[in-house]
Amino acid sequence: AAVLPTPVKAPQLIAFNRPLAEELGLDVEGMDDERLAAIFSGNAVPQGAEPLAMAYAGHQFGNFVPQLGDGRAILLGEVIDRQGRRRDIQLKGSGPTRFSRRGDGRAALGPVLREYIVSEAMFALGIPATRALAAVTTGERVQREIGLPGGVFTRVAASHIRVGTFQFFAAREDTEALKALSDYVIDRHYPEARQSETPYLAMLQAIAERQCDLICRWLMVGFIHGVMNTDNMAVSGETIDFGPCAFMDEYHPNKVFSSIDAQGRYAYNNQPGIAQWNIARLAECLIPLLDEDQDKAVDMANGVLADFAKAFPKRWISGMRTKLGLQTEAEGDEQLVQDLLALMQRSEVDYTLTFRRLCDAASDNAEPFRGMFIDLTAADEWLERWRNRAAQESRSGEERADAMRAVNPAIIPRNHRIEEVIAAAVEDNDFAPFHEMIKATARPFEELPEFSVYMQAPMNHERVFRTFCGT
Ligand code: AMP
Ligand code: MG
């Protein structure tokens, strides 16, 4: 549905991602901050843009809602980037649309900063995700539980088509629209599926494979999305809709941060199962397109789900081997990993730092790793097993350490640092901590002294237990 952003009172530019603008081929030459703030607040719509809000449906915490949609987001338009890829540019917090229901269509500054930081951190970590192009303050307040300064976030996505977009048409039994949408998704994201004799099945399979890869990457870095509703899962395979997301500090497989996830549906270790559940909802939508014979179509869909269930553990153990610096497969690797995780859980050690200190152990400095554990005997036993296993391979310790340091980040966007950034911005209008954190999280695999504060796990009084939605 066509809709224009609602202008805001006094937009001010907080951040503009110039390298990304460059990649997109945006013509921002000679634009000052005032002009950029006008564009990225929605006050000035770029020439030729025909902004719109998209409809979608979705399962929210397992309950189907037939009509959701961009309630506080407006798609400015698409661009073809320097590499020829089509990318969406979307404003978030730019005013009401016909999908706003009771919402105000606005965003508070805090969640805008969080999404900016985490999107760019994901990019730096090599994890597919929507990107942050700009953030502005609006000069207006939004009413939440308390009044808060407002912001507008501009994100860039491979597309904003979600599992829920398919559900929107399936709920209306609009098979023609489903077919048109599927053809569009194939052309835009999975052109190789066109070569298949069953292109819609090939598309479903490809979407499932990308989700499998994505969720695995999340688990590897301790990321918890927080709201994996079907409307928050992009069929492109990018991480999207960073709401109450968080990277865990101390390891626990059932970790939950989101204040609205009381049942732990979207807990850390539940994410692969939930992704599969979401893919099952997508598969249901596609049944009418898969085959004229419904039973055959159901079998095809089930095949994709069975493949996902088989592929995930393989993908996971392969990721974990890489984290442990192992290049080959050996019997007992799974146990080696599980035993480390169990040890980590018992000692409540920091997930990120444990793996990072294990890199040091590969280059003969095991003390930092050992020092993390309460049960030293168990830690030593495990180290011994890992060393013996690694010794079966030809890499030197230094080579192994280097390879491990390229996959085990030193810096993740830690919750307590994000909270500090938000507090400084919201309470003191101070954006220096935000900019500093953006710099630090852009180099996750380095241990630069100037960013050491971003490597540290939270002290007890700094720990964050709950994160909240963007709304
Ligand atoms: P989320 O789970 O944060 O992605 O949002 C779920 C749904 O609520 C989406 O359809 C949003 O567009 C809508 N929504 C969230 N916040 C607002 C708001 N402030 N105004 C209008 N709609 C909103
Ligand atoms: Mg959403």
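1. Throughout this note, buried means a relative accessible area under 20%, exposed means over 50%, and partly exposed covers what lies in between, with a 1.4 Å probe and protein chains only. The model is predicted, so that local features need a pLDDT of at least 70 and side-chain atom pairs count only at pLDDT 80 or more, whereas totals for chains, interfaces and linings use all residues. Residues are numbered from 1 along each chain as its sequence is written, chains are lettered from A and ligands numbered from 1 in the order in which they are written, and side-chain values use heavy atoms, with hydrogens and water left out.

2. On the cysteines, the structure holds zero disulfides, a disulfide being a pair of cysteine sulfur atoms within 2.5 Å. Cys-216, at 0% relative accessibility, is buried, and its sulfur is 6.7 Å from the closest cysteine sulfur, that of Cys-212, which is too far for a bond. Cys-359 is likewise in no disulfide, the nearest cysteine sulfur being that of Cys-216 at 17 Å; Cys-359 too is buried, with a relative accessibility of 0%.

3. Which residues supply the protein donors of the magnesium ion (ligand 2)? They are Asn-232, through OD1, and Asp-241, through OD, at 2.0 to 2.1 Å from the ion. Donors here are N, O and S atoms within 2.8 Å of the metal (3.2 Å for Na, K and Ca), and because water is not among the atoms, the site may look incomplete. Asn-232 is buried, at 12% relative accessible area, and Asp-241 is buried at 11%.

4. The backbone of Asp-241 deserves a separate remark, since its phi is near 60°, a positive value in a residue other than glycine. Asp-241 sits in the loop between strand S9 (223-224) and strand S10 (246-247); helices (H or I, at least four residues) and strands (E, at least two) are DSSP runs, numbered from the N terminus. Glu-348 also has a positive phi, near 50°, and is found in the loop between helix H9 (333-347) and H10. Glu-348 is exposed, with a relative accessible area of 55%.

5. The largest nonpolar core, meaning a set of buried Ala, Val, Leu, Ile, Met, Phe, Trp, Tyr and Cys residues joined through side-chain atoms within 4.5 Å, has 118 residues. The residues with the most contacts inside this core are Phe-166, Trp-316, Leu-324, Trp-382 and Trp-386, and helix H6 (residues 199-221) gives the most to it, with 15 residues. A second, separate core of 20 residues includes Phe-16, Leu-20, Ala-38 and Val-136. Leaving aside neighbours within four places in sequence, Trp-382 is in contact (heavy atoms within 4.5 Å) with residues including Leu-324, Leu-336, Asp-339 and Phe-369.

6. In helix H13 (residues 397-405), the residues Arg-400, Ala-401, Met-404 and Arg-405 are buried. They lie on the same side of H13, because they cover an arc of only 130° around the axis, the arc being that of the directions from the helix axis to the C-beta atoms. What covers these buried residues includes helix H8 (294-323), helix H10 (351-362) and helix H12 (376-391).

7. As to strand pairing, for which DSSP must find at least two bridges between two strands, strand S1 (residues 12-16) and strand S7 (residues 131-143) pair in the antiparallel sense over four bridges, with Val-136 in S7 as the bridge partner of Leu-13. S7 also pairs with strand S8 (residues 147-157), in the antiparallel sense and over nine bridges, and Ala-132 stands opposite Arg-155 in S8. S7 and S8 form a hairpin with three residues between them.

8. Strand S4 (residues 73-80) and S5 pair in the antiparallel sense over seven bridges, among them that of Ala-73 with Lys-92 in S5. The hairpin of S4 and S5 has five residues between the strands, and in this hairpin Gly-84 takes a positive phi near 85°.

9. Is Ser-94, in the loop between strand S5 (86-92) and strand S6 (107-108), buried or exposed? Ser-94 is buried, at 0% relative accessibility. Not counting residues up to four places away in sequence, Ser-94 touches Pro-5, Thr-6, Arg-72, Ala-73, Ile-74, Gly-105 and Arg-106.
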